[in-house]
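This briefing sets out the architecture of one protein chain, topic by topic. Please read it alongside the sequence and the model.

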Amino acid sequence: MNDPTLLAYIEVEPGRFREDPGLRYEDYVVGHVFEHRPGRTITTTDNIWSSLLCLNQHPLHIDAVYAAETEFNQLLVSSLVTFGIVNGMTVKTISQQAVANLGWDKVRLNAPVFVGDTLYAETRIVDKRPSASRPGEGIVTVHTTGRNQNGVQVIEFDRSLLASMRHPAGHPAEEVDALSGGKARS
């Protein structure tokens with residue numbers, strides 16, 4: 001399939017397509033920015049269940065009476081909830097095709113998040129290079145920013161991931177397509 005408008009799909013047989021979202025190594029362009037949609041509105045259940053699932057029992061996140069007596073006057077969304085949701089919003093585009101996440105760096109919580117806030121994310125491609133130890137794969141570094149419904153930046157972080165190459169050096173496209181079970185895209 002050579003139609004650039006259908007790059008998010010694999011033609012599994014003539015006229016039949018399977019969704020295949022996400023970027024391959026060649027698709028990451030340093031400086032490009034991706035806006036991730038839809039946004040995600042945080043609920044009380046998101047905050048309390050996720051806080052307790054992570055064993056974060058700080059009353060500021062799970063006890064509304066306690067939280068009402070703090071400087072925030074309400075439940076504060078756990079930073080792990082904020083991080084998980086914003087990072088999760090990036091997966092479909094940034095890491096759906098990744099071989100592995102390699103790590104997160106420089107995580108900064110810039111403003112509080114409250115129940116009822118809607119978060120939006122965007123990711124800028126910062127760097128990429130072929131892997132020295134894994135032929136046919138490359139290391140990509142991205143910077144993700146999360147903002148609330150008012151445009152206030154609430155979180156930012158860098159992430160590195162290992163991405164597969166669509167056409168590893170020395171392998172023609174047809175051979176890569178056969179080796180990957182039809183997953184290579186032109």
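In which sense do strand β5 and strand β6 pair, and over how many bridges? Strand β5 (residues 118–130) and strand β6 (residues 137–147) pair in the antiparallel sense, over 10 bridges. The model is a predicted one, and its secondary structure comes to 5 helices and 7 strands. From the N terminus on, the order of these elements is β-β-β-α-α-α-α-β-β-β-β-α.

**Overall composition**

- The protein has 186 residues, of which 38% are buried.
- Its accessible surface comes to about 10,500 Å², and carbon and sulfur atoms account for 52% of that area.
- Of the contacts between residues at least 6 apart in sequence, 65% join residues at least 24 apart.

**The five-stranded sheet**

- An open sheet is formed by 5 strands in the order β3-β5-β6-β7-β4, with antiparallel pairing.
- The edge positions are taken by β3 and β4 (98–109); each has a single partner strand, so one side of each is left without a neighbour in the sheet.
- On average, neighbouring strands of this sheet are turned by 25 degrees against each other, direction ignored.
- Helix α4 packs on the sheet and touches β3, β4, β5, β6 and β7 (153–164). The direction of α4 makes about 40 degrees with that of β7.
- Within the pairing of β5 and β6, arginine 129 has isoleucine 139 of β6 as its bridge partner.

**The N-terminal hairpin**

- Strand β1 (residues 9–13) pairs with strand β2 (residues 16–19) in the antiparallel sense, over 4 bridges.
- The bridge partner of tyrosine 9 is glutamate 19, in β2.
- The hairpin of β1 and β2 has 2 residues between the strands, and glycine 15 takes a positive phi near 80 degrees there.

**Helix α1 and its surroundings**

- In helix α1 (residues 44–53), the buried residues are Asp46, Asn47 and Ser51. Seen down the axis of α1, these buried residues fall within an arc of 110 degrees, so they line one face of the helix.
- The underlying geometry is general: an α-helix has 3.6 residues a turn, so residues three or four places apart point the same way.
- Trp49 and Leu53 are exposed on the other side of α1.
- The packing partners of the buried residues of α1 are β3 (33–41), α2 (59–62) and α4 (79–95). Helix α4 thus appears both here and in the packing on the sheet.
- Leucine 55, just after α1, takes a positive phi of about 65 degrees.

**Nonpolar cores**

- The largest nonpolar core has 12 residues: Ile42, Val77, Val81, Ile85, Val86, Met89, Val113, Leu119, Ala121, Val154, Ile155 and Phe157.
- At least two residues of this core come from each of α4, β5 and β7. The largest share, 4 residues, is supplied by α4.
- Leaving aside residues up to four places away in sequence, valine 113 touches Ile42, Leu76, Val77, Thr82, Leu119 and Val154.
- A second core, separate from the one above, has 10 residues, among them Leu23, Ile125, Leu161 and Met165.

Methods
Residues are numbered from 1 along each chain as its sequence is written. This is a predicted model: local features need pLDDT of at least 70, side-chain atom pairs count only at pLDDT 80 or more; totals for chains, interfaces and linings use all residues. Side-chain values use heavy atoms; hydrogens and water are left out. Buried means under 20% relative accessible area, exposed over 50%, partly exposed in between (1.4 Å probe, protein chains only). The arc is that of the directions from the helix axis to the C-beta atoms. Contact means heavy atoms within 4.5 Å. Two strands pair if DSSP finds at least two bridges between them. Axes are lines fitted to C-alpha atoms, for helices over the stretch in contact, and angles run from 0 to 180 degrees between N-to-C directions. A nonpolar core is a set of buried Ala, Val, Leu, Ile, Met, Phe, Trp, Tyr and Cys residues joined through side-chain atoms within 4.5 Å. Accessible areas come from the Shrake-Rupley method with a 1.4 Å probe; for residues, only the protein chains shown count as cover.
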